[in-house]
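Please open the structure in your viewer and keep the selection tool at hand. The tour below moves from one selection to the next and says what is to be found at each stop.

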Amino acid sequence: MDHLTEREAAALALALVAVATASLDGGDDAQQSSERGLIELVNTLSDEPLSARQAEVVSALAGASAAMTTGLSGAVAEQRRCDAHDVLQVAARAVLEHAHDGNGRSA
């Protein structure tokens, strides 16, 4: 497998922010949909289709990442006296800016 480009790495990071946002909002449908989106993205970036077990691992990583991200954004939001959604939005913008600056280079 070739190295991920900055754009591909950014897509993965944004997918993880989407999972965290869905987790923060508490909707099961949104959470499952965002996890499916991440699994599909990983599947398209992989050399071969993911096995069922690999998809389970990606889903578990998404859940763990969401828990860490929502916890950290909640802590930052409390410290800054803002909403955790605002923190996640800033994180997403930072990912996009970094990807834009990367211009397709390897991550």
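Begin by selecting the buried residues of helix 3, which are Ala55, Val58, Ala62, Ser65, Ala66, Thr70, Ser73 and Ala77. Keep in mind, as you look at them, that this is a predicted model.

Now widen the selection to the whole of helix 3, residues 52–80. Helix 3 has 29 residues, and from its first C-alpha to its last it reaches 41 Å, which is close to the 42 Å expected at 1.5 Å a residue.

Next, step just past the end of helix 3 and select arginine 81, which takes a positive phi of about 60° although it is not a glycine. Arginine 81 lies in the loop between helix 3 and helix 4, the latter covering 84–102. Is arginine 81 buried or exposed? With a relative accessible area of 75%, arginine 81 is exposed, because exposed means over 50%.

Add helix 1, residues 6–25, to the view together with helix 3. Two packed helices are described by the angle between their axes and by the distance between those axes. For helix 1 and helix 3 the angle is about 70° and the axes are 8 Å apart, and the two helices are therefore roughly perpendicular to each other. Their crossing is right-handed.

To see where helix 1 and helix 3 touch, select Leu16, Val19, Ala20, Ser23 and Leu24 in helix 1, which meet Ala62, Ser65, Ala66, Thr69 and Thr70 in helix 3. Sorted by class, this contact of helix 1 with helix 3 has six nonpolar residues, four polar residues and no charged ones. Among the residues in helix 3 that you selected at the start as buried are Ala62, Ser65, Ala66 and Thr70, and these are also part of the contact with helix 1.

For the last stop, keep helix 1 and add helix 2, residues 28–45. The axes of helix 1 and helix 2 come within 8 Å and cross at roughly 165°, which makes helix 1 roughly antiparallel to helix 2. The crossing in which helix 1 passes helix 2 is left-handed.

Which residues make this contact? On helix 1, select Glu8, Ala11, Leu12, Ala15, Leu16, Ala18, Val19, Ala22 and Ser23, and on helix 2, select Ala30, Gln31, Ser34, Glu35, Leu38, Leu41, Val42 and Leu45. By class, the contact of helix 1 with helix 2 has 12 nonpolar, three polar and two charged residues.

Conventions
Residues numbered from 1 in each chain as written. Predicted model: local features only at pLDDT ≥ 70, side-chain atom pairs only at ≥ 80, totals over all residues. Heavy atoms only, no water. Axes fitted to C-alpha atoms, helices over the stretch in contact; angles between N-to-C directions. Helix = DSSP H or I, 4+ residues; strand = E, 2+ residues; numbered from the N terminus. Parallel < 35°, antiparallel > 145°, perpendicular 65-115°, else oblique. Left-handed = near helix turned anticlockwise from the far one by under 90°. Contact = heavy atoms within 4.5 Å. Nonpolar A, V, L, I, M, F, W, Y, C, P; charged D, E, K, R; others polar. Buried < 20%, exposed > 50% of the residue type's maximum accessible area, 1.4 Å probe, protein only. Expected span 1.5 Å × (residues − 1).
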